[in-house]
Amino acid sequence: MSAEVLIRPLGRPGDLGWVVLAHGETYAAEFGWDTSFEALVARIVADYAGHDPEREAAWIAELDGERVGCVFCVAADEQTAQLRILLVDPAARGRRLGGRLVDECLAFARQAGYARIRLWTNHPLVAARGIYLSRGFRLVEEEPHHSFGADLTGQVYEREFTRAGGLAGR
């Protein structure tokens, strides 16, 4: 029997808190990142709480009714959307949920009229980077930094949308 998978808009009570909790626990367990990362996610989530639904959206992935993933699409500026805080719980990986969440974000950004979408990530997030590259994102900036209790290389990826409303490069 296969598990029931659902991608739904974020908005149920507990969704915002789950996003912060899941990021804090997952990144500490997998990469040893400290609570300053959880605090960053909390700020992103708090900023989103008053979002403009025409320009910003977020989604939760559920597996058999339990939250197992998320992604946010927020305005970086008038022409640029920003994909933020993609996460798939380790127990739910291998079901293509990360790709489905990114696809939701791309479709929304295109429909909302953005010219491009960008994201900031860090070098240890190999699986996420594979998803981004497979969706036509390209690396536009890299810089070493010390954050979240670790030495990291921050990476900025971007993806242009075509004028006809499709996705460039795909």
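## Helix H4

Buried here means under 20% relative accessible area, and exposed means over 50%. The model is predicted. By that cut-off, helix H4 (residues 126-134) has Ala128, Arg129, Ile131 and Tyr132 buried. Seen down the axis of H4, these buried residues fall within an arc of 155°, so they line one face of the helix. Val126 and Ala127 are exposed on the other side of H4.

The buried residues of H4 pack against two strands named E4 and E5, against helix H3 (97-111), and against strand E7 (150-160). After H4 comes Gly136, with a positive phi near 90°.

## The sheet

Seven strands make up an open sheet. Their order is E1-E2-E3-E4-E5-E7-E6, and the pairing is mixed. The edges are strand E1 (5-9) and strand E6 (138-147), each of which pairs on one side only. On average, neighbouring strands of this sheet are turned by 20° against each other, direction ignored. Strands of a sheet pair through backbone hydrogen bonds, either parallel or antiparallel.

Two antiparallel pairs can be described in detail. E3 and E4 run antiparallel and are joined by six bridges. Here Cys70 stands opposite Leu87 of E4. E6 and E7 also pair in the antiparallel sense, over nine bridges. His146 faces Asp151 of E7 as its opposite residue. E6 and E7 form a hairpin, with two residues between them.

## Helix H1

H1 has 17 residues. At 1.5 Å a residue they should span 24 Å, and the end C-alpha atoms of H1 are 23 Å apart, which agrees. The buried residues of H1 are Asp15, Trp18, Val19, Val20, Ala22, His23, Gly24, Thr26 and Tyr27.

What covers the buried residues of H1 includes strands E1, E2, E3 and E4, together with helix H2. Gly32 follows H1 and has a positive phi, near 75°.

## Helix H2

Helix H2 covers residues 35-48, 14 residues in number. The span expected at 1.5 Å a residue is 20 Å. The end C-alpha atoms of H2 are 20 Å apart, which agrees. Phe37, Leu40, Val41, Ile44, Val45 and Tyr48 are the buried residues of H2. They cover an arc of only 135° around the axis, so they sit on the same side of H2. The face turned away from that buried side carries the exposed residues Thr35, Ala46 and Asp47.

The cover over the buried residues of H2 includes helix H1 (15-31). It also includes four strands: E2 (57-63), E3 (66-75), E4 (80-88) and E5 (116-122). H1 and H2 thus appear in each other's lists: H2 is part of the cover of H1, and H1 is part of the cover of H2.

## Cysteines

How many disulfides does a search of the whole structure find? It finds zero. A disulfide would need the two cysteine sulfur atoms within 2.5 Å. The sulfur of Cys73 has its closest cysteine sulfur in Cys105, 3.8 Å away, which is too far for a bond. Cys105 is likewise in no disulfide, and the nearest cysteine sulfur to it is that of Cys73.

Are Cys73 and Cys105 buried or exposed? Cys73 counts as buried because its relative accessibility is 0%. Cys105 also counts as buried, at 0% relative accessibility.

## Positive phi outside glycine

Most residues other than glycine have a negative phi. Arg96 has a positive phi, near 65°, and is not a glycine. Arg96 lies in the loop between E4 and H3. With a relative accessible area of 72%, Arg96 is exposed.

Phe148 is not a glycine either, yet its phi is positive, at about 60°. Phe148 is found in the loop between E6 and E7, in the turn of their hairpin. Its relative accessible area is 8%, so Phe148 is buried. The two residues thus contrast in exposure: Arg96 is exposed, whereas Phe148 is buried.

Notes
Residues are numbered from 1 along each chain as its sequence is written. This is a predicted model: local features need pLDDT of at least 70, side-chain atom pairs count only at pLDDT 80 or more; totals for chains, interfaces and linings use all residues. Side-chain values use heavy atoms; hydrogens and water are left out. The expected span of a helix is 1.5 Å times one less than its number of residues. Buried means under 20% relative accessible area, exposed over 50%, partly exposed in between (1.4 Å probe, protein chains only). The arc is that of the directions from the helix axis to the C-beta atoms. Contact means heavy atoms within 4.5 Å. Two strands pair if DSSP finds at least two bridges between them. Axes are lines fitted to C-alpha atoms, for helices over the stretch in contact, and angles run from 0 to 180 degrees between N-to-C directions.
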